[in-house]
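Please open the model in your viewer and keep the selection tool at hand. The stops below proceed from one selection to the next.

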Amino acid sequence: MSTRDIMITKLEAAFKPQLLEVTDESESHRGHGGWREGGQTHFRIKIISTAFEGMSRVAMHRAVNECVAEEIAGGIHALAIEAKSH
């Protein structure tokens, strides 16, 4: 299972999102710091979930980061997060 697929599974289970997009943007970072052959180093997560109701933007980002902490520790160099409650 790819890193992207693992993150999707974890985020869906944790937040039951109304919208979830996990995009591997590694290829557009070719040659930059943290990039490696095969990709899976730079990701963008766009997530909308009512689970974020009442949370600040920082709290939403922390929650997403905690959910995919293993993947970040496992070699993700950059993670962009767009999180909203609605």
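Select Glu71 and Lys10 and display their side chains: in this predicted model, the two meet in a salt bridge, with an N to O distance of 3.0 Å. Glu71 belongs to helix H3 and Lys10 to helix H1, so this pair ties together parts that are 61 residues apart in sequence. Glu71 counts as buried, at 10% relative accessibility, whereas Lys10 is partly exposed, with a relative accessible area of 23%.

Add Glu70 to the selection. The side chain of Glu70 also meets that of Lys10 in a salt bridge, here at 3.7 Å from N to O. Since Glu70 lies in helix H3 (residues 69-73) and Lys10 in helix H1, this pair ties together parts that are 60 residues apart in sequence. Glu70 is exposed, its relative accessible area being 60%. Lys10, Glu70 and Glu71 are thus linked in a network of salt bridges. The structure holds 5 salt bridges.

Next, select residues 3-15 as a cartoon. This is helix H1, which lies across strands E1 and E2 and runs at about 160 degrees to E1.

Now turn to the strands beneath the selection tool: 19-24, 42-48 and 78-84. They form an open sheet of 3 strands in the order E1-E2-E3, with mixed pairing. Strands E1 (19-24) and E3 (78-84) are the edges, each pairing on one side only. On average, and ignoring direction, neighbouring strands of this sheet are turned by 5 degrees against each other.

Focus on strand E2 (residues 42-48) together with E3: the two pair in the parallel sense over 7 bridges. Helix H2, residues 57-67, packs on the sheet and touches E2 and E3, its direction making about 130 degrees with that of E3.

Within E2, select Arg44. Its bridge partner in E3 is Ala80. Which side chain does that of Arg44 meet in a salt bridge? Select Glu82: the N to O distance is 3.1 Å. This pair links distant parts of the chain, with Glu82 in strand E3 and Arg44 in strand E2, 38 residues apart. Glu82 is partly exposed, with a relative accessible area of 35%, and Arg44 counts as partly exposed at 31%.

For the final stop, select Ser49, in the loop between E2 and H2. Is Ser49 buried or exposed? Ser49 is buried, with a relative accessible area of 0%. Show its surroundings: apart from neighbours within four places in sequence, Ser49 is in contact with Phe15, Lys16, Pro17, Gln18, Lys84 and Ser85.

Note on methods. Residues numbered from 1 in each chain as written. Predicted model: local features only at pLDDT ≥ 70, side-chain atom pairs only at ≥ 80, totals over all residues. Heavy atoms only, no water. Pairing = 2+ DSSP bridges. Helix = DSSP H or I, 4+ residues; strand = E, 2+ residues; numbered from the N terminus. Axes fitted to C-alpha atoms, helices over the stretch in contact; angles between N-to-C directions. Contact = heavy atoms within 4.5 Å. Buried < 20%, exposed > 50% of the residue type's maximum accessible area, 1.4 Å probe, protein only. Salt bridge = Lys/Arg side-chain N within 4 Å of Asp/Glu carboxyl O.
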